[in-house]
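Colleague: I've just opened this one and could use a guided tour. Could you show me how to read it, feature by feature?

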Amino acid sequence: MLFVFALTLVGWGINVLIGSFIPLWLLLGFSVIYSVEKWLSYYTRKHKIVGRIYRLILNLSALSLLGLLIWSGVSLFTQQFMESPLIGSLLFLFELAVFIWLCRVVSKNSWRQPSMKLTVISLICLFVVFAFAGVQPFSDYKDEVARKVTNVISTQREEAERRSAEAKAKEIDRLRNLGVSDPSSVVEELSTNRELKIGLEVLETVNAIRKERGSSELQWDDKLYEYSIAHAKDMAAQKRLFHTSMYEPFAENAWGGEGSKSWTAQTIVDSWMNSRMHRTWLLCPNLRHVAVGVAYSTNGMYAAWTFWRSETSYSDWWYQYTPDNPPEWWY
């Protein structure tokens, strides 16, 4: 008791001189733990409950001193620790020496429970209880953490919504350029309608080819799409390729890919471009409106490139070319 009182008195005297409570608590803690280790270790070993409590106190002391070291080091580095850098440096070294000594004491008492892992978990639980009970400053720390986490989640959500809105706006512009009458509703439908997506990709691919060859780009026609998707579904149901009647106001290129349901728009376009007659109805310069219907069957996929017969203008260009004298855009 005299030893504890003496070192506590010394700590209080240093505190008066430098204006900090750190030496008081350091010397008080050092004297208590040193006294227990030197004169009372028999009782901490003999009585299990006393040993556990003592081990818990050692662990908490080590964690507290570690936190003090980190805070002191940062304050010393930023020249905000003490008014005198020399006193601040000496105090930091003293803290470090006590921490090293305390670590040796803790390691020597490692056979006593609780372990450091349990101590850390206990501290976290205490912090949570105090924080939600409104105990200061734990409650303020909790509110600050909650605010930062909320801000991060909100920022990420806003960023995701912004990117989604930008992507949707680009998709609407793309569909509008293709001539889709209601691009906003089509954008929503594309997420679940794979057939429509492939059909629009076919039109985009053909428009890119037509643009390279100096021909006008084609526009999507909703009415033609009704005819086109109906014809594609008929072919899928019958599992064969065929054309609609020549008396209909529309005509089509027909395509079928058996054995797979994963054909791409590029595959369909390449197939039509490699056929002279089908290529004609892809590159016809007089065409203005088309639609592409796609449907699946148990044996594969079917597609129909549908256009208005009135826009082909047979008398204007169809009969003036022969296989030996094709138009410039043919190849």
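Modeller: Let's begin with contacts: two residues are in contact when they have heavy atoms within 4.5 Å. Keep in mind that this is a predicted model.

Colleague: Okay, so how much of the contact count here comes from residues 24 or more positions apart?

Modeller: Take the contacts in the protein with a separation of 6 or more: 67% of them join residues 24 or more positions apart.

Colleague: And what about the overall build? How many helices and strands are there?

Modeller: You'll find 13 helices and four strands in the protein. For the overall spread, look at the radius of gyration, taken over C-alpha atoms. A compact globule of 331 residues would come out near 20 Å, but this protein has 41 Å. Along the principal axes, the C-alpha atoms fill a box of roughly 120 × 45 × 40 Å.

Colleague: What share of the residues counts as buried?

Modeller: Buried means under 20% relative accessible area, exposed means over 50%, and partly exposed is in between. Of the 331 residues, 35% count as buried. Try the cut-offs on two cysteines. C284 has 0% relative accessibility, so it counts as buried. C103, at 33%, counts as partly exposed.

Colleague: Speaking of cysteines, how many disulfides are there?

Modeller: The test is a pair of cysteine sulfur atoms within 2.5 Å. Searching the whole structure turns up zero disulfides.

Colleague: Now pockets. Which residues line the largest pocket?

Modeller: The lining is W25, L26, G29, F30, I33, S61, S64, L65, L68, V98, W101 and L102. The space inside is about 210 Å³. Helices α2 (22-39), α4 (48-77) and α5 (85-108) each supply at least two lining residues. Of the contributors, α2 gives the most, with five residues.

Colleague: What is the chemical character of that lining, by class?

Modeller: Sort the lining residues by class and you get nine nonpolar, three polar and no charged residues.

Colleague: Let's do loops. Where does H47 lie?

Modeller: H47 is in the loop between α3 (41-46) and α4. Its relative accessibility is 37%, so H47 counts as partly exposed. You can also compare sequence distance with distance in space: H47 and S61 are 14 residues apart in sequence, and their C-alpha atoms are 21 Å apart.

Colleague: And where is V135?

Modeller: V135 sits in the loop between α6 (116-133) and α7 (138-177). With 34% relative accessibility, V135 is partly exposed too. The C-alpha atoms of V135 and W101 are separated by 32 Å, with their positions 34 residues apart along the chain.

Colleague: Backbone angles next. What is the phi of K239?

Modeller: Most residues other than glycine have a negative phi. K239 is not a glycine, yet it has a positive phi of about 55°. You'll find K239 in the loop between α10 (222-238) and β2 (250-258), and at 42% relative accessibility K239 is partly exposed.

Colleague: Which residues does R240 touch?

Modeller: Leaving out residues up to four places away in sequence, R240 touches M235 and Y302. R240 is in the loop between α10 and β2. At 43% relative accessibility, R240 counts as partly exposed. For a long span, take R240 and L96: they are 144 residues apart along the chain, and their C-alpha atoms are separated by 86 Å.

Notes: Residues are numbered from 1 along each chain as its sequence is written. This is a predicted model: local features need pLDDT of at least 70, side-chain atom pairs count only at pLDDT 80 or more; totals for chains, interfaces and linings use all residues. Side-chain values use heavy atoms; hydrogens and water are left out. Buried means under 20% relative accessible area, exposed over 50%, partly exposed in between (1.4 Å probe, protein chains only). On a 1 Å grid over the protein atoms alone, a cavity is a set of points where a 1.4 Å probe fits but cannot get out, and a pocket is an open set with protein on both sides within 12 Å along at least five of seven lines; lining residues have an atom within 4 Å of a point. Grid points are joined across faces, edges and corners, and a volume is the space filled by probe spheres set on the points. Ala, Val, Leu, Ile, Met, Phe, Trp, Tyr, Cys and Pro count as nonpolar, Asp, Glu, Lys and Arg as charged, and the others, Gly among them, as polar. The radius of gyration is taken over C-alpha atoms; the globule rule is 2.2 Å times the number of residues to the power 0.38.
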